[in-house]
Amino acid sequence: MQGTVTGDIAETRQPYADDVELVSRCLSGDEVARSELYRKHASMVHSLAWRLLGDPNEAEDVLQETFLQAFRSLSRYRGEAPIASWLRGVTVRCVGRYRRTRARRRRESRELPEVIIDPTTPDPARQIDVDLALRRLTALLSKLAFSRRVVFVLHEVEGYSLAEAAQILDISVSAAKKRVWRARHDLERLAQDDDVLSVLFSSSLAAERSSAAKSPEPAR
Amino acid sequence: MSRETSLPAACQRAQVQLSERKRGELDLAQQAALEAHLSSCETCRRLERGTAKLADLLRRGTPPLEASTRAAVWQRIEAESGAGAAGAPGRRWLWGFALACACALLVV
């Protein structure tokens, strides 16, 4: 996310020169720059918040809070990573605070939807209702320890390396490694109690076996 | 709320290496060791593929930020941050600078 070249000197000296320049303009009170920062990154912040909270209204609240917080603390951005990564860190902290203040209310609203699987369907795995599965997944994620959920979302969903996720979360890489295997293990265990999501796991196995029988995976 | 999990040490290592492999961070010996483990460990294969499916589901199911919502939230941000000096970083910086100058003068 290096962006376009805006100045030869800045580009050669700073890996994230565009971000640094934009932040510097924001800090000088440039309203256009603030609006630009929001326009560029609002969707990313909203997506991350939704993935961590599973609720569109709460994601909207966190979007607002994240940018308010970011504008208040922009002077702490040092240009060592893309501003998007820095904003992800702010988002995660805002989500953490949001959860703490609304934990009780959320727990009450986390009723699982009824399971609806058509008994006439020959292969439920192939007929899985994506909306239902998604609702079940957000409910399942809410049962996963937040520290592990964040690593799962940043690493598995958003594609950050463990080292990058560790940097965003301000934790050690070894802590991120521990959280990633624990998250996977917990998710599998939690999914076993869910007749929709457990199908995803078992269908993975079936697919694995079937593809292994047809042709071996190419060697890496 | 998650109970403490128990996964054999070899599987813990393999799960981390699966992540590292995706980023090309394993050397050949590590890759070979990982392949050997995966060939005999159904748990690790299931964990990798199952969570990858969950991740894909979450990725594809993330709702887009509607333009109207984006605009409405920005209006609220502007209203809140423009309301006082606390929300105007540039102005706050100037006040901090002025205070620092005043302190320096006092010291001198």
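**Asp186(A) is buried, at a relative accessible area of 0%.** Buried means under 20% relative accessible area, exposed over 50%, and partly exposed in between (1.4 Å probe, protein chains only). The model is predicted: local features need pLDDT of at least 70, side-chain atom pairs count only at pLDDT 80 or more, and totals for chains, interfaces and linings use all residues. Residues are numbered from 1 along each chain as its sequence is written, chains are lettered from A and ligands numbered from 1 in the order written, and side-chain values use heavy atoms, leaving out hydrogens and water. Asp186(A) forms a salt bridge with Arg189(A). The closest N and O atoms of this pair are 3.4 Å apart. A salt bridge here is a side-chain nitrogen of Lys or Arg within 4 Å of a carboxyl oxygen of Asp or Glu. Arg189(A) also counts as buried, at 18% relative accessibility. Both residues sit in helix 9 of chain A. They are three residues apart, so about one helical turn separates them. Helices (H or I, at least four residues) and strands (E, at least two) are DSSP runs, numbered from the N terminus.

**Arg184(A) and Glu156(A) meet in a salt bridge, N to O 2.6 Å.** Arg184(A) lies in helix 9 of chain A and Glu156(A) in helix 7 (residues 146-157), so the pair ties together parts 28 residues apart in sequence. Arg184(A) and Glu156(A) are both buried.

**Arg34(A) and Glu31(A) form a salt bridge within helix 3 of chain A.** The N to O distance is 3.5 Å. Helix 3 spans residues 31-53. The partners are three residues apart, about one turn of the helix. Arg34(A) counts as buried, at 3% relative accessibility. Glu31(A) counts as partly exposed, at 45%.

**Salt bridges link Arg25(A), Asp30(A), Glu36(A) and Lys40(A) in a network.** Over all chains, the count comes to 21 salt bridges. Side chains of opposite charge can pair when their charged atoms come close.

**The whole structure holds five aromatic pairs over all chains.** One of them joins Tyr77(A) to Trp86(A), edge-to-face. Their ring centres are 6.0 Å apart, with 65° between the planes. Rings of Phe, Tyr and Trp (its six-membered ring) pair if their centres lie within 6.5 Å; planes under 30 degrees apart are stacked, over 60 edge-to-face, the rest tilted. Tyr77(A) counts as buried, at 9% relative accessibility. Trp86(A) counts as buried too, at 17%.

**Tyr38(A), Phe67(A), Phe71(A) and Trp74(B) form one aromatic cluster.** Tyr38(A), Phe67(A) and Phe71(A) come from chain A, and Trp74(B) comes from chain B.

**Asp170(A) has a positive phi of about 60°, although it is not a glycine.** Most residues other than glycine have a negative phi. Asp170(A) lies in a loop of chain A. Helix 8 (162-169) and helix 9 (173-192) flank this loop. Asp170(A) is exposed, at a relative accessible area of 69%.

**Arg76(A) sits in the loop between helix 4 and helix 5 of chain A.** Helix 4 covers 56-73 and helix 5 covers 83-109. Arg76(A) counts as exposed, at 58% relative accessibility.

**Leu63(A) is buried in helix 4 of chain A.** The relative accessible area of Leu63(A) is 0%. Ser43(A) is 20 residues away from Leu63(A) in sequence. In space, the two are 8.8 Å apart, C-alpha to C-alpha.

**Val180(A) lies in helix 9 of chain A.** Val180(A) counts as buried, at 1% relative accessibility. Tyr98(A) is 82 residues from Val180(A) along the chain. Their C-alpha atoms are separated by 23 Å.

**Chain A has 10 helices and zero strands.** Along the sequence, its pattern reads α-α-α-α-α-α-α-α-α-α. Chain A has 220 residues, and buried residues make up 50% of them.

**Chain B has five helices and zero strands.** Its pattern along the sequence is α-α-α-α-α. Chain B has 108 residues, of which 35% count as buried.
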